[in-house]
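The following exercises concern aromatic pairs, one helix and the nonpolar core. Please work through each task before reading its solution.

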Amino acid sequence: IGKVVFTNGGEHERAVTRLQAISKYMSGSITISKKTFLSKTLGLGEKDEVTAPANLFGEKFAVSADDVALARKMMTPDLMKAVSQLEAFDRSVVEIEGTAIAVETGLELSAPRREPELVRFLEAAEKVIEIIITQSE
């Protein structure tokens, strides 16, 4: 079961659109995000960086996790392909925190004129979540 969340940006907060879901079986903490100059320079923070495959996915996305073995297991070709579809959306992030899964973009897509883009984002996000849940069972 998923839930779509729209957050309007404020003075110190950016706008986001997020698809959230809950899995019965996941555990650990994994983050998959597009690489930026800042993330390349400063790293990703508290979690251990997982070396992504030396392919196009590994060049464009960073993976960090508190359980590196789980992250490596989850990074199948199907998941990498699905996450790559999020590249079209600004500041895309996939977060797994325990049993909670969220796919987020830094775009606020709730406006009626953004509906086609919202549909594309939700389809891509749903595919990512579906693969993660299937792999965790």
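A residue is called buried when its relative accessible area is under 20%, exposed when it is over 50%, and partly exposed in between (1.4 Å probe, protein chains only). The model is predicted: local features need pLDDT of at least 70, side-chain atom pairs count only at pLDDT 80 or more, and totals for chains, interfaces and linings use all residues. Residues are numbered from 1 along each chain as its sequence is written, and side-chain values use heavy atoms, with hydrogens and water left out.

**Exercise 1. Determine how many aromatic pairs there are, and classify each one.**

Solution. A pair of aromatic rings is described by the distance of the centres and the angle of the planes. The rings of Phe, Tyr and Trp (its six-membered ring) pair if their centres lie within 6.5 Å; planes under 30 degrees apart count as stacked, over 60 as edge-to-face and the rest as tilted.

Step 1. This rule gives a count of 2 aromatic pairs. The ring centres of F57 and F61 are 5.0 Å apart and the planes meet at 15°, so this pair is stacked.

Step 2. In the pair of F89 and F121, the distance is 5.4 Å centre to centre with 75° between the planes, and the pair is edge-to-face. F89 lies in the loop between α4 (77-84) and β6 (93-97), and F121 in helix α5 (residues 115-136); the pair thus links distant parts of the chain, 32 residues apart. Helices (H or I, at least four residues) and strands (E, at least two) are DSSP runs, numbered from the N terminus.

Step 3. Apply the accessibility cut-offs. F57 has a relative accessible area of 4% and is therefore buried; F61, at 2%, is buried. F89 is buried at 4%, and F121 is buried at 0%.

**Exercise 2. Establish whether S136 and T134 are buried or exposed, and find their polar contacts.**

Solution. A polar contact is a pair of N or O atoms within 3.5 Å; within protein, one must be able to donate a hydrogen and the other to accept it, and residues adjacent in sequence count only if both atoms are side-chain atoms.

Step 1. S136 is found in helix α5, and its relative accessibility of 13% makes it buried. Its side chain reaches the backbone oxygen of I133 at 2.9 Å.

Step 2. T134 also belongs to helix α5, but at 52% relative accessibility T134 is exposed. A polar atom of the T134 side chain lies 2.8 Å from the backbone oxygen of E130.

**Exercise 3. Which residues of α4 are buried, and what covers them?**

Solution. Contact means heavy atoms within 4.5 Å.

Step 1. L79, M80, A82 and V83 are the buried residues of α4. They fall within an arc of 165° seen down the axis, so they line one face of the helix; the arc is that of the directions from the helix axis to the C-beta atoms.

Step 2. On the other side of α4, P77, D78 and K81 are exposed.

Step 3. The cover over the buried residues includes β3 (29-34), α2 (56-60), β5 (61-65), α3 (68-74), β6 and α5. Leaving aside neighbours within four places in sequence, L79 is in contact with I32, M74, V128, I131, I132 and Q135.
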